[in-house]
Amino acid sequence: MENYGKYLQHPIFSVVSEAAEALGTDCYVIGGFVRDLLLQRPCTDIDIVAVGSGIELARQTLRLLNLPEEEIHVFKHYGTAMFHYKEMEIEFVGARKESYSPDSRNPNVETGTLEDDQKRRDFTINALAISLNKKNYGELLDPFHGLEDLQRKTIRTPLDPVRTFSDDPLRIMRAIRFATQLNFSIESHTLEAIHDEAERIDIVSRERIVAELNKILLSRKPSNGFLLMDVTGVLERILPWIANLKGVESIQNKGHKDNFYHTLEVLDKIAAHTNNLWLCWTALLHDVGKPATKRFLPDVGWTFYQHEVVGAKMVSKIFRALKMPLNEKMEYVKKLVFLHLRPIALVEDTVTDSAVRRLLFDAGDDIDDLMLLCEADITSKNQMKVKHLLQNFEHVREKLKIIEEKDRIRNFQPPIDGGYIMEKYALPPCKEVGLIKNCIREAILDGIIGNNFEEAYTLMEQEAGRLGLKAVK
């Protein structure tokens, strides 16, 4: 059997081994680090399990490293300790066994053996352990054939999968997430158990679910995860708004595309080009307003008029339901969902300077992300049509660049603000101030005047005169 000691290159391992020897404690590196080591993937976390006190082993390791006591973070309730060393987060825990009650995913914990600890792990590929004991340093302990599952690219539970997912239904999301991140398949009995236990996901906090969703969205091909969620019945429980996109309807031999699969195609394109989590969320939600706006018009076919408006309003509802941040991240997603048809309209019509200025004004610094989303939104199977649309988008990009360099609209700040108008005409905050400001802004966006003080000042005087206002001396 191969010895894996030579692969344990980080200096922490030899120190932990010395600390365990001094305490007379057996210890092992376990879980994700071992999995990623064997897959040759980068990893920034090291989990050490001690058959005994993980906290004492952590403290002894810290002493051997000559690091101050305050470097360590101890969580007595969980029996864990953690510190950072040479760009790695090192966590220590005592080996334990767990049992669960039906209404909670929080386990009852008892001290256990290494085997007990491996049994409580979610998947065989996460139950792999490598000994750090001097007597068998580097030996792989693999009671559930996790190494074979790594080689077969398979997600499988160490014990009965129904019990595994019933005990802790967050493992449902973790199974789907690992399958998506690693491009693995889920073993058939494990997949069937996810389907059977899907309703148990309801007891998991939305925050924990979103944490897994975020990792799925940032994977190379997130559609794999959403397809797994769909086939197992998980999607409709956690993201019913996305599940509602499914299906095709036909009337008078006129059908529409399946907006669910279209959305996944757009999402994959975005994920392939960026690691911007919030743009991935935008791609996922960009057509979420379509079910509510779907109409059939005999002379036109299927329409989804105003779905971008409805979808943008739904974003805040969805973020609240998922307990996601209600800050500038949500506003970013709302804005891009609302604007995602605007560049397409420019492609279809004559690209006027005024339309480009207004798009720059509304999108601001997010214009590049918006253009990326719009290009990804082209999922036609007609390659000639796709080529034509992409060429037109390139034309729009050129116009955006020219207009931005000339008119500086992207981060528009009016050359004359409300304070200046009130001072000039001795006005309190009132409707007239807003009318003048709006007149100046619209004139700049329409290209009637340039984005500069002199032309704005002249227009201000004209509009003030029209409103019967007189400047104070």
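Start with the whole chain: its radius of gyration is 29 Å, whereas a compact globule of 473 residues would have one near 23 Å (taken over C-alpha atoms, with the globule rule being 2.2 Å times the number of residues to the power 0.38). This is a predicted model, in which local features need pLDDT of at least 70 and side-chain atom pairs count only at pLDDT 80 or more, while totals for chains, interfaces and linings use all residues. Residues are numbered from 1 along each chain as its sequence is written, and side-chain values use heavy atoms, leaving out hydrogens and water.

Along the principal axes, the C-alpha atoms fill a box of roughly 90 × 65 × 40 Å. Colour by secondary structure to see 24 helices and 15 strands (DSSP runs numbered from the N terminus: helices are H or I with at least four residues, strands E with at least two). Of the 473 residues, 50% count as buried (under 20% relative accessible area, 1.4 Å probe, protein chains only).

Next, select residues 88-94, strand β5. Five of its seven residues are buried, so β5 is largely enclosed by the rest of the structure.

Add residues 45-51, strand β2, which runs parallel to β5 and is joined to it by six bridges (two strands pair if DSSP finds at least two bridges between them). Show Ile 46 and Ile 90, which are bridge partners.

Then select residues 80-85, strand β4: six bridges join β4 to β5, and these two run antiparallel. Here His 84 stands opposite Glu 89 of β5.

Finish at the turn of the β4-β5 hairpin, where two residues lie between the strands. Lys 86 in this turn has a positive phi of about 50°.
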